[in-house]
2 protein chains.
Amino acid sequence: MSEIQRPGALYQQVAAAIREAILSGEFAPDSLLPSEAQLMARYEVSRPTVRNAIAALRAEGLIDVRHGKGSFVRSSGQPVLTLERRISRTTEGKFVMPNGDIWQEAEAPAAYRARTTKDTGHLLQLDTDEALFGCDRLLIDPSTGTRAMHRTLIPFEVAEIVPLLAEEPCKRPAAFYRLLTEDGHKLSWSETVRARMPLPDERATMKLPDATPILHLARVTHDTDNRPLILEELRVGADRAEVSYRITADKQPARRARA
Amino acid sequence: MSEIQRPGALYQQVAAAIREAILSGEFAPDSLLPSEAQLMARYEVSRPTVRNAIAALRAEGLIDVRHGKGSFVRSSGQPVLTLERRISRTTEGKFVMPNGDIWQEAEAPAAYRARTTKDTGHLLQLDTDEALFGCDRLLIDPSTGTRAMHRTLIPFEVAEIVPLLAEEPCKRPAAFYRLLTEDGHKLSWSETVRARMPLPDERATMKLPDATPILHLARVTHDTDNRPLILEELRVGADRAEVSYRITADKQPARRARA
DNA sequence: TATCATTTGTTCGTATGTATC
DNA sequence: CGATACATACGAACAAATGAT
């Protein structure tokens with residue numbers, strides 16, 4: 001049948017052949033690929049080789065495999081959910097966020113106490129092991145089934161200054177922004193976006209398919225003097241969601257930045 | 001030794017045991033894991049089982065394996081490069097971007113003509129198969145070795161209105177912004193962030209390790225009337241880079257958004 | 001430079017378990 | 001229940017990269 005030789009390993013040749021067949025349209029999205037036995041015959045290789053090739057395509061996110069059924073070409077569709085990371089304020093002082101109201105809480109929020117890690121400490125401009133109030137939420141968008149994990153972290157330091165914050169660490173972000181604004185703070189925000197492979201428990205709770213990275217957003221609410229007040233983290237599967245920002249040119253000379 | 005039974009598959013039990021050993025610190029970051037033979041003895045399983053467990057940990061991004069040497073615990077360090085996606089303007093009209101000058105071109109930029117895909121067409125508010133000028137660059141940050149792929153796409157439609165753009169589609173973005181501004185356009189930008197697993201050629205050109213997602217940024221330059229003028233794409237390995245944005249609350253009521 | 005031991009990569013074979021229909 | 005298909009597990013052999021001798 002389709003013999004090729006180039007890239008070295010047999011299973012990679014098979015993987016390349018299947019990949020081309022997919023991209024060329026021979027195997028349409030959402031369609032069932034030939035079974036392992038059929039692929040063994042088609043490329044005249046053993047089962048381990050076929051499985052190795054399939055494993056490579058899974059790692060690339062090209063196909064999905066379901067036990068007892070077969071391998072499907074992933075519908076590689078664009079994300080169905082665009083998270084517009086903007087914040088607006090009504091004349092009455094209420095904060096409104098796009099997508100702010102699509103989420104439903106899948107379970108009761110869990111409040112707890114924790115300490116800064118190297119990572120969260122850096123974002124909050126604190127040392128490691130500083131005390132925090134925390135609250136974790138599991139969010140679901142009912143219209144698409146997309147799941148996301150949200151976390152709010154409030155340093156003790158900040159809670160002492162604004163005691164209202166610590167009373168109920170599981171308020172919605174918009175409520176925090178309002179509280180702080182009514183307390184006289186002028187807020188601004190910065191957000192950092194990372195992508196990584198999910199930990200096993202993240203994969204489970206967000207029901208992520210194979211080879212699906214997660215987008216990890218960290219939003220820091222800053223005070224007037226640029227001091228960090230609150231850290232919010234949002235984790236969502238990158239197969240379903242994308243995030244978007246608006247950028248406007250400012251007049252200040254930009255400085256080079258480096259971590 | 002360390003026997004466990006819970007989660008079903010033997011190789012997953014082994015993987016879980018190794019994962020715990022890593023997270024507990026028994027296997028320090030950057031250290032060599034026991035060899036396959038040693039793991040076989042330690043857990044009393046066959047080589048395929050050990051390799052399966054290792055494959056699982058690779059897919060999680062927990063370890064890195066090098067042919068002929070062994071498996072290393074990934075140093076799971078934070079990204080070394082923070083891309084601040086801001087745009088500033090000096091009083092002389094020059095555009096300045098943080099990180100705009102850290103990149104060096106690894107090879108000569110490649111200019112070409114192309115057509116909109118479903119994806120790029122959507123971002124440019126064009127149909128599919130509309131003609132475009134394009135330019136691809138391979139960028140390198142010498143101080144960290146980080147590689148990135150940059151692409152500029154300019155619709156024919158826009159080039160007709162602003163012929164200056166089409167003359168040299170491989171200018172730097174800042175030059176385009178200046179050209180457009182001098183031509184009387186008031187610019188604004190929106191940027192969309194996605195994460196996905198790299199295609200094989202992307203992995204190769206950016207020299208990405210296993211199980212490393214890429215951040216895929218799409219920046220659209222808008223005209224005064226919100227019409228898209230230019231599309232820029234930036235792809236970079238998520239193991240090295242993160243992106244950051246600034247958010248300020250505006251007074252307009254925010255609307256819900258959906259793709 | 002060349003060789004060798006170690007370690008991972010690739011490929012075959014075979015058998016059995018389990019999910020789906 | 002049976003047929004099909006993927007998942008798991010063992011065994012064996014050779015290839016290829018690495019580092020040290």
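In this predicted model, 20 residues surround DNA strand C. Among them, A:Leu10, A:Tyr11, A:Ser46, A:Thr49 and A:Gly68 come nearest. Both chains supply elements to this surface. From chain A, helix H1 (10-23) and helix H3 (47-59) each give at least two residues. From chain B, helix H2 (36-43) and strand S2 (70-73) do likewise. The largest share comes from H3(A), with four residues. By class, the surface near DNA strand C holds seven nonpolar, 10 polar and three charged residues.

DNA strand D has 19 residues around it. The nearest are A:Glu36, B:Leu10, B:Ser46, B:Thr49 and B:Gly68. Here helix H2 (36-43) and strand S2 (70-73) of chain A each give two or more residues, together with helix H1 (10-23) and helix H3 (47-59) of chain B. H3(B) gives the most to this surface, with three residues. The residues near DNA strand D divide into seven nonpolar, 10 polar and two charged.

A hairpin in each chain belongs to this picture. In chain A, strand S1 (residues 63-66) pairs with S2(A) through four bridges. The two strands run antiparallel. Within this pairing, A:Arg66 has A:Gly70 in S2(A) as its bridge partner. Three residues lie between the strands of the hairpin. There A:Gly68 takes a positive phi near 85 degrees. A:Gly68 is also one of the residues that come nearest to DNA strand C. Strand S2 (70-73) of chain A, for its part, supplies residues to the surface near DNA strand D.

Chain B carries a hairpin of S1(B) and S2(B). Four bridges join strand S1 (residues 63-66) of chain B to S2(B), and the strands run antiparallel. B:Ile63 stands opposite B:Val73 in S2(B). The hairpin has three residues between its strands, and B:Gly68 takes a positive phi near 85 degrees. B:Gly68 is among the residues nearest to DNA strand D. Strand S2 (70-73) of chain B gives residues to the surface near DNA strand C.

The fold of chain A was examined next. Its secondary structure comes to eight helices and 13 strands. The radius of gyration of chain A is 24 Å, well over the 18 Å that the globule rule gives for 259 residues, so the chain is more spread out than a compact globule. Along the principal axes, the C-alpha atoms of chain A fill a box of roughly 75 × 45 × 40 Å.

Chain A is divided into domain 1 (10-73) and domain 2 (81-244). The C-alpha centres of these two domains lie 39 Å apart. Their contact takes five residues from domain 1 of chain A and four residues from domain 2 of chain A. On the side of domain 1 that touches domain 2, the residues divide into one nonpolar, one polar and three charged.

The contact between the chains takes 52 residues from chain A and 52 residues from chain B. Four strands of chain A each give two or more residues to the side that touches chain B: strand S3 (81-84), strand S4 (88-89), strand S10 (188-196) and strand S13 (241-247). S10(A) gives the most, with nine residues. This side of chain A divides into 25 nonpolar, 12 polar and 15 charged residues.

Strand pairing crosses from one chain to the other. Five bridges join S13(A) to strand S10 (residues 188-196) of chain B. These strands run antiparallel. A:Arg246 stands opposite B:Ser190 in S10(B).

The symmetry of the two chains was then assessed. Chain A can be laid on chain B with an RMSD of 0.1 Å. The operation is a turn of 180 degrees and a shift of 0.1 Å along the axis. The two copies are thus related as by a two-fold rotation axis. Of the interface residues of chain A, 100% are also interface residues in chain B, so the copies meet through the same surface.

Notes
Residues numbered from 1 in each chain as written. Chains lettered and ligands numbered in written order. Predicted model: local features only at pLDDT ≥ 70, side-chain atom pairs only at ≥ 80, totals over all residues. Near = placed C-beta within 6 Å. Nonpolar A, V, L, I, M, F, W, Y, C, P; charged D, E, K, R; others polar. Contact = placed C-beta atoms within 7 Å. Pairing = 2+ DSSP bridges. Domains from an automatic or database assignment. Least-squares fit on C-alpha atoms with pLDDT ≥ 70 in both. Rg over C-alpha atoms; globule rule 2.2 N^0.38 Å.
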